[in-house]
Amino acid sequence: MAVSTTVVAVTDDESFVALFRAGDEVALRQAYDRYGPAIYHLATRSLANEADAEDVAQATFVAAWLGRHTYEPERGTLLGWLLGIARRKVIDHIRSVARDEKVTASVRQVTDPVPVDHAPDRVVERLVVADEMAQLPSEQRRVLELAFYDDLTHPQIAAVTGLPLGTVKSHLRRAMQRLRRRWEVEGVASGTGATGAPGAR
Amino acid sequence: MSHLEQEQLVLLALGEATADDAEAAHVDACAACRAELQALRTVATVGREATDARHLTAPPDRVWDGIAAALASAPAPAVPLRPEPQRRARRPRWLVPALSAAAAAAVAVAGTIIAERVTRDEPTAQPQVLGLASLDRLPAAPECGPTYARTFIDGRLHVHLGCVATPGETFEVWLLDLSTANDPDGLKMFTLGVMGGQTDQIFRLRSDIDLNRFKTVDVSAEPNDGRPAHSGKSLWRGPLPGR
């Protein structure tokens with residue numbers, strides 16, 4: 001399969017996803033360009049070995065392509081679905097390594113489990129929340145970033161941005177509600193099958 | 001005390017406000033508010049941790065190469081590229097919508113070309129895709145899913161429609177030169193052929209058609225009335241991909 005770099009972007013999300021499901025390999029490349037970085041991030045954060053992480057990223061897209069008919073857009077975003085596949089690949093990989101190590105070095109204890117901080121579920125949650133943040137209206141996003149990363153209070157945010165206090169509060173409320181909804185649908189649920197792809201293993 | 005306002009819950013979750021005694025007592029007693037606050041707190045924590053997830057780097061090229069190699073031996077795509085079932089002898093059609101039949105006939109006599117359709121030698125391997133573009137649905141078109149065109153590096157055009165024509169009509173594919181839309185003798189266009197009752201069809205883009213001019217793909221509904229002109233009823237239209 002060869003896809004050139006002069007692909008005309010299909011910007012409309014719905015038709016892009018429909019093309020992906022219909023089996024258009026250009027849409028696969030677009031899915032890879034768009035979500036490959038997030039999948040790769042999950043793999044590299046969860047696995048110590050770079051080559052293993054690349055294998056997982058690759059296997060995720062191959063499985064997604066072969067199981068594309070099982071993706072149901074009404075149950076979550078394509079990113080959420082891909083992360084669900086990648087998460088299972090990561091866990092399978094960790095388990096198989098643990099198994100191998102038990103077989104080949106039964107005396108040695110398996111010493112380096114994935115640190116909690118980098119557990120795949122946690123990384124998935126962060127990726128999903130970051131993706132939703134990126135899609136917030138710009139003013140809402142700016143206000144939330146000031147609260148999250150600059151630790152500003154809402155009067156301080158109002159002073160910095162020049163926005164009325166009430167606007168800052170409603171931006172924070174709306175932005176947090178959106179993040180929360182997305183996180184509930186895809187982040188926290190990634191391990192419970194809400195973004196599952198039973199046919200795409 | 002009634003439930004806490006959503007805005008107050010958000011401020012509490014962000015750690016910016018502290019609950020006063022009445023609020024704290026309510027949250028302690030109210031499962032709904034407690035659950036809401038807990039969820040918002042978690043989201044705030046995850047969001048604050050998400051800094052490195054906001055600036056991602058693309059995987060190395062070899063990851064895509066591996067995907068492409070793995071899929072080269074994978075089953076055929078769900079939208080197979082079907083060759084035209086049979087060659088049909090058709091008169092050249094070179095037409096101008098919204099013109100009189102006489103004017104259209106004059107243009108036709110002036111001698112224009114029909115793009116050939118691919119009838120055989122469909123390669124089994126996927127040729128290299130040069131570009132893909134959605135065709136926009138025009139008001140007259142039925143609502144039947146995504147519609148797109150893609151060009152291959154070997155000069156062929158694949159048109160995918162979400163549906164086939166109703167009996168009594170034919171879907172026909174054209175290349176338009178929209179810069180001639182206001183010419184006195186009408187819009188210039190080539191026909192590529194008909195969809196032939198299929199949702200997918202492949203046409204060859206003849207090398208003597210100036211694709212820098214004829215760069216708009218148009219799908220029309222044609223009544224089966226023997227008139228070769230564009231009916232004027234365009235259903236989908238979009239850029240010729242890869243141009």
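This is a chat about a predicted model of a two-chain complex.

Q: Hi! Before we start, what should I know about the model and its numbering?
A: It is a predicted model, so local features are given only at pLDDT of at least 70 and side-chain atom pairs only at pLDDT 80 or more, while totals for chains, interfaces and linings use all residues. Residues are numbered from 1 along each chain as its sequence is written, and chains are lettered from A and ligands numbered from 1 in the order in which they are written.

Q: Thanks! What ipTM and pTM does the predictor give the complex?
A: The ipTM is 0.79 and the pTM is 0.57.

Q: And what is the mean pLDDT of chain A?
A: For chain A the mean is 81, and 77% of its residues reach 70 or more; pLDDT is the predictor's confidence in each residue, from 0 to 100. Among the elements of chain A, H1(A) has the lowest mean, 78, and H6(A) the highest, 95. The pLDDT is below 50 over residues 1-12 of chain A, and it is also below 50 over residues 107-111 of chain A.

Q: How about chain B, where is confidence lowest there?
A: In helix H5 (residues 101-109) of chain B, at a mean of 44, whereas strand S8 (residues 216-223) of chain B is highest at 94. Over residues 75-125 of chain B the pLDDT stays under 50. The mean for chain B is 77, with 77% of its residues at 70 or more.

Q: OK, folds. How many helices and strands are in chain A?
A: Chain A has eight helices and zero strands. Helices (H or I, at least four residues) and strands (E, at least two) are DSSP runs, numbered from the N terminus.

Q: And in chain B?
A: Chain B has five helices and nine strands, and from the N terminus on they run α-α-α-α-α-β-β-β-β-β-β-β-β-β.

Q: What share of each chain is buried?
A: In chain A, 48% of the 201 residues are buried, and in chain B, 35% of the 243 residues. Buried here means 20 or more other C-beta atoms within 10 Å of a residue's own, exposed means 12 or fewer, and partly exposed is in between, with C-beta atoms placed from the backbone.

Q: How many residues does each chain bring to the contact?
A: There are 49 residues from chain A and 49 residues from chain B. Two residues are in contact if their C-beta atoms, placed from the backbone, lie within 7 Å.

Q: Which elements of chain A give two or more residues to that side?
A: They are helix H1 (13-22), helix H2 (25-46), helix H3 (50-66), helix H5 (120-134), helix H6 (138-149) and helix H8 (165-187) of chain A.

Q: Switching topic: how do H6(A) and H7(A) pack?
A: Their axes are 10 Å apart, at an angle of about 130°. Axes are lines fitted to C-alpha atoms, for helices over the stretch in contact, and angles run from 0 to 180 degrees between N-to-C directions.

Q: Which residues meet there?
A: A:Arg142, A:Val143, A:Leu146 and A:Ala147 in H6(A) meet A:Ile157, A:Val160 and A:Thr161 in H7(A).

Q: Last one: what is the phi of A:Asp151?
A: A:Asp151 has a positive phi of about 55°, although it is not a glycine. Most residues other than glycine have a negative phi.

Q: Where does A:Asp151 lie, and is it buried or exposed?
A: A:Asp151 lies in the loop between H6 and helix H7 (154-161) of chain A. A:Asp151 is exposed, because 12 other C-beta atoms lie within 10 Å.
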